[in-house]
Amino acid sequence: MSSPTGPAPGSPNFDAAPPSPGGAPGLPVRMPRARQSGRHRRPEPLAAPEGAPALVLAVPGTPSPAARSLAEEVSSIARSELPGLDARIGYVDGGDEEFPSLEAVLAQAAGERRARESADGHEDPGPVAVVVPLLAGPDSALLRRIRQAMMNSGSGAELTDVLGPHPLLAEALHVRLSEAGLARADRARLFTVATAADGIILATVGGEEAVQAAGITGMLLSARLAVPVLAAALDEEGAISRTAEQLRESGSQQLALAPYLIGPEIADGLVGAAAAEAGCAAAESLGAYGAVGRLVLSNYAASVGITLPTQTPGVPVR
């Protein structure tokens with residue numbers, strides 16, 4: 001005689017069903033397991049705390065549909081990493097309904113906070129908003145304007161650091177260079193790229209402080225590509241051509257220009273003109289690469305005390 005299927009009575013997974021209405025004993029059923037505890041337990045999904053400050057992305061440069069599209073994509077990445085996040089966009093040079101100024105966006109957030117507090121009689125702790133500059137590196141003149149807009153809004157918002165230097169930005173630069181055919185996507189692979197550069201000019205804006213900060217990310221990029229990387233300022237006359245000459249004198253023959261820029265902070269055509277000045281090809285700006293959105297969220301989270309999962313820079317592949 002064959003034995004019945006299913007767990008035997010008395011085994012850990014056996015549970016008898018309650019008697020049926022007619023009094024017949026129920027069939028054995030497998031009941032849901034209790035929630036697992038300990039270090040192997042599946043983590044709770046992360047979400048923005050109720051009443052958390054708004055994340056306001058401060059977008060530099062001349063407002064345009066392209067800048068808005070980029071900012072919206074970066075905000076979308078941040079929201080996808082932290083559901084429930086109140087992410088908004090303010091333009092440093094904005095001033096109308098289509099491109100609201102940073103000051104106006106912060107003032108609106110402050111007004112909404114006051115209305116909520118008046119309605120429920122409870123004062124929310126913490127800042128009304130956290131402003132994250134959409135900048136890869138420091139730009140003292142632009143950051144002064146952002147701080148002034150924050151003061152004018154009367155919102156009491158907080159300002160975070162810029163996004164770099166950071167290993168994730170070195171990864172993003174590597175990806176942009178490989179997309180342009182100027183670098184191998186993966187050093188471990190046994191193939192070559194005929195147009196791969198043997199020297200990289202890392203172009204930034206914001207003066208000497210920005211060049212120094214870009215140089216830190218440049219060292220990380222150099223380690224990834226195993227080629228020399230030097231930073232230079234797009235907004236300093238002759239800096240790009242001098243850096244190109246320095247690389248050539250050190251033995252590099254095939255140069256590439258990698259913009260250490262998100263995109264909106266520079267005028268159209270400036271990167272192309274710099275590449276022509278250096279006599280080399282150029283990659284695209286960082287744009288809305290995933291790492292940019294994650295760094296925006298990371299700066300916000302650090303400001304409000306939210307612990308995010310650790311992000312490990314990946315190895316880009318074709």
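This is a short talk about one chain, going from its overall make-up to a helix, a few single residues, and then its pockets and its cavity.

Please keep in mind throughout that the model we are looking at is predicted. The chain contains eight helices and ten strands, and of its 318 residues 44% are buried. If we take the contacts between residues at least 6 apart in sequence, 73% of them join residues at least 24 apart.

Let me begin with helix H4, which runs over residues 167–179 and so to speak gives us a ruler: its 13 residues reach 19 Å from the first C-alpha to the last, close to the 18 Å expected at 1.5 Å a residue. Is this helix mostly covered or mostly open? It is mostly covered, since eleven of the 13 residues are buried, and among them are Leu168, Leu169, Ala170, Leu173 and Leu177, together with residues such as Glu171, His174 and Arg176. The elements that cover the buried residues of H4 include strand S7 (199–204), helix H5 (208–225), strand S9 (255–259) and helix H8 (290–304).

Both sides of H4 are worth a look along the chain. Pro165 sits in the loop between strand S6 (158–159) and H4, and the peptide bond that leads from Gly164 to Pro165 is cis, with omega near 0 degrees. After H4 comes Gly181, which has a positive phi, near 75 degrees. As a general background, most residues other than glycine have a negative phi, and most peptide bonds are trans.

With that background, please turn to Ala226, which is not a glycine and yet has a positive phi of about 60 degrees. You will find Ala226 in the loop between H5 and strand S8 (229–233). Ala226 counts as exposed because its relative accessible area is 56%, and the cut-off for exposed is over 50%.

Now for two residues at the other end of that scale. Thr217 belongs to helix H5, and why does Thr217 count as buried? Thr217 counts as buried because its relative accessibility is 0%, where the cut-off is under 20%. Not counting residues up to four places away in sequence, Thr217 touches Pro165, His166, Leu169, Ala170, Leu173 and Tyr260, and you may recall that Leu169, Ala170 and Leu173 are buried residues of H4.

Ile201, in strand S7, is likewise counted as buried because its relative accessibility is 0%. Once its neighbours within four places in sequence are left aside, the residues in contact with Ile201 include Leu230, Ala232, Ile240, Leu247, Leu255, Leu257 and Ala278. From Ile201 to Ala233 there are 32 residues in sequence, while the C-alpha atoms lie 9.8 Å apart in space.

Next, a word on aromatic rings, for which the count comes to one pair. The pair is formed by Tyr91 and Phe99, and the arrangement is edge-to-face, with 5.2 Å from centre to centre and 90 degrees between the planes. Tyr91 and Phe99 are both buried.

Let me move to the open spaces. The largest pocket holds about 500 Å³ of space, and 23 residues line it, with Gly263, Pro264, Ile266, Asp268 and Ser285 lying nearest its centre. Two elements give two or more residues to this lining, namely helix H1 (65–81) and helix H7 (270–278). Sorted by class, the lining of the largest pocket has twelve nonpolar, eight polar and three charged residues.

The second largest pocket holds about 210 Å³. Which residues lie nearest its centre? They are Gly51, Ala52, Ala54, Asp86 and Arg116, out of a lining of 16 residues. Helix H2, at residues 102–120, gives the most to this lining, with four residues, and by class the lining of the second largest pocket has nine nonpolar, two polar and five charged residues.

Finally, how many cavities of 30 Å³ or more does a search of the whole structure find? The search finds one, and the largest cavity has a volume of about 40 Å³. Its lining consists of Leu135, Ala136, Gly137, Asp139, Thr204, Val205, Tyr260, Leu261 and Glu265, which divide into five nonpolar, two polar and two charged residues. Tyr260, in this lining, is also one of the residues that Thr217 touches.

Definitions and conventions
Residues numbered from 1 in each chain as written. Predicted model: local features only at pLDDT ≥ 70, side-chain atom pairs only at ≥ 80, totals over all residues. Heavy atoms only, no water. 1 Å grid on protein atoms, 1.4 Å probe; cavity = no way out; pocket = protein on both sides within 12 Å on 5 of 7 lines; lining within 4 Å. Points joined across faces, edges and corners; volume = space filled by probe spheres on them. Nonpolar A, V, L, I, M, F, W, Y, C, P; charged D, E, K, R; others polar. Expected span 1.5 Å × (residues − 1). Buried < 20%, exposed > 50% of the residue type's maximum accessible area, 1.4 Å probe, protein only. Contact = heavy atoms within 4.5 Å. Phe/Tyr/Trp six-rings, centres within 6.5 Å; stacked < 30°, edge-to-face > 60°.
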